[in-house]
Each structure stands twice: as structure tokens, then as C-alpha cells.
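Visitor: I am new to this structure and would love a close look at a single part of it. Could you pick one stretch and then show me what surrounds it?

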Amino acid sequence: MTMSEPALEPRPARGLTRGWCPGVLDPMETGDGWLLRIRVPGGLVTSSALASVAALAGEFGSGIVDITSRANLQIRGVAAHRLDLATAAAVEAGLAGADPGREAFRAVVANPLTGHDQAAACDSRPVVAALVARLVDGIAGNAPSKFGIVVDDCGSWPLDGLDADVALRATRDGSWQICVRGTRAPIGSTDDPVGSAVAATQWCVDEQIRMDQLVTITGIATVAARLAASTAHVTRAATPPLVAGRILGMVPHAHAQRVNVVAAPFLGRVTHQVLIALAGLAATHAADLRLTPDHSFAFCGLPSSAAQQLMTELGDLGLVVDRDDPKAAISACVGSAGCWWAHADTGIAAAELVATDSTPGGVHLSACAKQCGAPSGVRQLVADESGTFR
Ligand code: SF4
């Protein structure tokens with residue numbers, strides 16, 4: 001397909017069910033048009049890729065881009081008659097593969113500071129890269145809906161709360177603990193985290209069920225055995241520090257002369273113009289750019305001397321860099337700006353909360369009882385049918 005081909009017929013709506021994750025080639029129709037989710041394994045995004053996403057959002061979508069709770073990007077508001085052009089452009093830009101069945105295997109989340117985190121047990125980037133390559137090229141069959149893997153270097157970014165079929169946790173001795181969905185304790189340890197995760201994935205793919213269902217059906221001992229985990233050599237994983245509240249602003253780097261800076265757009269949503277500016281800042285400051293599962297951007301490894309300037313520039317773009325900023329305490333679903341089922345405009349409600357600075361401890365706004373993606377550990381306000389948050 002070329003970019004100048006005529007519009008194709010709109011695709012059938014697919015967004016009315018739970019348990020299905022959209023992608024680039026498997027988009028979802030929402031209240032503000034079609035949504036393309038661009039998977040970014042490990043949140044490891046380059047400034048040029050971010051600029052490409054911004055360009056696509058400006059050309060084909062409403063210009064609004066979300067950062068998701070799994071550190072992916074969502075282009076919103078694509079018109080039905082431009083959907084095929086948008087997906088083709090995303091593939092051409094290298095933002096997605098051409099096979100939607102393979103794309104689902106890129107659902108890997110990692111510490112966004114990895115490689116720059118003084119608290120981490122390792123740099124998990126090689127594991128993420130090798131794992132995604134093996135999953136995309138080596139798995140026979142398609143992933144069960146919502147299947148996902150976490151690669152945790154046990155650094156300063158808490159990943160325990162993420163939904164993962166398989167979670168790999170780095171230890172200080174160089175091995176990795178294996179945790180599976182539906183169990184609390186690690187089921188074993190491995191020196192081959194990629195091989196173990198691939199084996200677990202293939203098993204779920206073969207059965208077309210998620211890992212917790214496998215545990216229920218076969219028992220945890222069978223799961224451990226089939227993963228070839230060496231339970232005789234279980235080692236204690238590095239213990240991530242307890243983090244109260246959001247990680248924002250300057251975060252210590254593994255090297256004393258460098259620093260990481262984390263900034264969050266209000267409600268995890270940015271315009272394509274801001275996205276382009278962020279890509280430019282990352283390039284200007286020679287920072288490694290990351291997406292975080294906390295709906296924020298991490299600029300990693302910049303010289304300490306440049307951090308304050310970057311913080312000011314990010315603040316000028318409207319991003320939150322201070323965890324005490326009232327905007328940092330609020331999250332929300334898209335609400336009536338982008339969802340058919342919404343009973344209220346969460347953007348307006350959130351702005352009102354900021355104005356009154358009445359969100360001690362954090363609050364999440366849901367515009368209907370479905371409460372999509374509502375985080376735990378914060379006060380929940382849910383809109384009733386009259387549009388009142390309670
Ligand atoms: S919680 Fe929000 S995004 Fe989810 S269905 Fe309700 S209104 Fe839509």
C-alpha cells in the first residue's frame with residue numbers, strides 16, 4: 001500500500017469487550033475515533049521514534065497521545081477512512097511489525113531507568129532485547145489476550161504491581177528469579193532468563209490461556225518443572241526500595257556526575273507538538289529517553305550540570321517534575337473526551353481538583369463503573385450516571 005491510496009472501508013468496531021489489547025495493526029474504535037497502541041518493549045524509545053509517533057499523531061490522529069500503564073504509546077482519534085494509511089505509516093516508520101500476531105509478543109515492561117539506576121542489580125536492556133527477539137521470531141502461535149512479561153532489574157522503579165504472566169527478577173549473584181501470574185513467591189531461579197521466559201510463553205501460547213490459569217490447571221510444581229527452574233538454587237532477589245508516591249524530578253544515576261530526570265504530563269496525555277519538543281530535549285541533552293509505566297518520561301544519563309535546565313524546560317512544556325505538584329497526585333481514565341461509556345469529563349474534573357489542591361495521597365478518576373486501569377493504593381472517585389464523582 002502507498003500513502004496516496006484511497007481510503008478503505010472502515011473496520012468493524014472492536015472496543016466493547018474487556019480482555020483485548022489493541023495494537024497498531026489491531027486498532028480499537030473508541031469515543032474519539034480509532035486508537036493505535038504502539039508497543040515499546042521495555043519503554044526503550046529513541047527520540048527519533050518519539051518524533052515519528054508525534055508526526056503520525058499529528059497527521060492521522062487528533063494529535064493527542066497517551067502514555068499507558070505498560071509504558072506504551074497510544075495515538076488517539078484516527079478517522080476510520082484514514083486508519084489503513086495510519087497503520088501502514090506506523091509500520092513503515094518502524095514503530096510496529098507487519099504481523100499483528102507477532103506484535104503482541106512485544107509486551108515487555110522493564111525498569112525505565114535500567115542501565116542508569118544506581119540501585120539496580122543489573123542493566124536489563126540486553127535481556128529485554130534478546131527476549132523480544134526470541135518471542136517475536138521464535139514462538140509458534142499467537143499470544144493469549146493480554147499476555148505480558150516483566151523484566152525487573154530490581155532497581156529503584158517498583159514493578160511489583162504490574163500484571164505479568166512471567167516476571168523475571170534480577171538477583172545480586174547474576175541469576176534471575178522467576179515469578180508467574182497467580183503466585184506470590186518466586187517459583188525458582190535461572191541463569192537463562194530469556195530461555196525460561198520463552199518456554200513459559202510457548203506453553204501459554206500452546207494452551208491459549210494465561211499463566212495463572214496454567215498454574216490452576218496443572219499445579220505450581222508442574223509449572224516450575226516445565227520451566228526447568230532450578231529451585232535448588234533459589235537466591236534472594238535484590239529488594240527494591242519502598243517508594244512512597246510518584247517518582248518525579250531528579251533521580252540518582254549509577255554514576256555521580258550523571259542524573260536521571262523524570263517528568264509526567266498531566267493525566268498521562270500529551271499533544272503531538274509537546275511530544276516533538278520532548279524528543280528534541282532528549283537529543284539536545286544527549287539523554288537516553290524512556291517511557292515509564294507511571295505515564296511519564298525518563299531522561300536518563302544526562303550530565304548533572306544540565307539537569308536543572310532540563311527540569312525548567314520540561315516544566316515550561318507543562319510537564320510535572322515535582323512530586324508535590326497537585327497535578328502529580330491525580331490520574332484519570334480518558335473520560336468523555338475519548339470513551340463512549342463515560343458519564344463525565346475527567347479532564348475538567350481533574351483540573352478542578354488541582355485548582356482546589358484537594359488530593360492528598362492521590363486520587364484516580366473513573367468516568368464510569370468499569371474503572372479501566374484504575375491504580376491501586378489511591379482514592380477512587382467514580383462518576384455515576386448523573387456525572388457526579390463519588
Ligand atoms: S472507566 Fe473510563 S475509559 Fe473505562 S469504560 Fe469507563 S469511561 Fe470509558
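Guide: Happily; what follows is a walk around one pair of helices, with a few stops elsewhere in the chain.

Please keep in mind that this is a predicted model. To set the scene, the protein chain has 10 helices and 17 strands. Of its 390 residues, 49% are buried. Take the contacts between residues at least 6 apart in sequence: 65% of them join residues at least 24 apart.

Now to our pair. Helix α4 covers residues 125-138 and helix α5 covers residues 193-207; their axes come within 9 Å and cross at roughly 35°. The crossing in which α4 passes α5 is right-handed. On the α4 side, the contact is made by V127, A130, L131, R134, L135 and G138. The partners from α5 are P193, V194, A197, V198 and T201. Sorted by class, this contact has eight nonpolar residues, two polar ones and one charged one.

Let us move on to the loops next to these two helices. K146 lies in the loop between α4 and β6, a strand covering 149-152. Its phi is positive, about 70°, although K146 is not a glycine. Why does that deserve a mention? Because most residues other than glycine have a negative phi. K146 counts as partly exposed because 15 other C-beta atoms lie within 10 Å, and a residue is partly exposed when that number falls between 12 and 20.

Q208 sits in the loop between α5 and α6 (211-218). Here again is a residue that is not a glycine but has a positive phi, this time of about 55°. With 13 other C-beta atoms within 10 Å, Q208 is partly exposed.

A further helix is worth a visit: α10, made of residues 346-356, where T346, A349, A350 and L353 are buried. Those four residues are on the same side of α10, because they cover an arc of only 100° around the axis. What do they pack against? The buried residues of α10 pack against β15 (330-332) and β16 (363-366). Turn to the face pointing away from that buried side, and you meet the exposed residues I348, E352 and A355. After α10 comes D357, which has a positive phi near 50°.

There is also a ligand to look at. The residues around the ligand include C333, V334, G335, C339, W341 and A342. Others around the ligand are S366, A367, C368, K370, Q371 and C372. By class, this shell divides into eight nonpolar residues, three polar ones and one charged one.

Our last stop is L25, found in the segment before β1 (28-30). L25 is partly exposed, as 19 other C-beta atoms lie within 10 Å; a buried residue would need 20 or more. Leaving aside neighbours within four places in sequence, L25 is in contact with T87, A96, P100 and E103. L25 and L36 are 11 residues apart along the chain, and their C-alpha atoms are separated by 7.8 Å.

To find your way back to the start, look for α4 and α5 again, where the axes cross at roughly 35°.

Note on methods. Residues are numbered from 1 along each chain as its sequence is written. This is a predicted model: local features need pLDDT of at least 70, side-chain atom pairs count only at pLDDT 80 or more; totals for chains, interfaces and linings use all residues. Axes are lines fitted to C-alpha atoms, for helices over the stretch in contact, and angles run from 0 to 180 degrees between N-to-C directions. Helices (H or I, at least four residues) and strands (E, at least two) are DSSP runs, numbered from the N terminus. A crossing is left-handed if the near helix is turned anticlockwise from the far one by less than a right angle, and right-handed if clockwise. Two residues are in contact if their C-beta atoms, placed from the backbone, lie within 7 Å. Ala, Val, Leu, Ile, Met, Phe, Trp, Tyr, Cys and Pro count as nonpolar, Asp, Glu, Lys and Arg as charged, and the others, Gly among them, as polar. A residue is near a molecule or strand if its C-beta atom, placed from the backbone, lies within 6 Å of it. The arc is that of the directions from the helix axis to the C-beta atoms.
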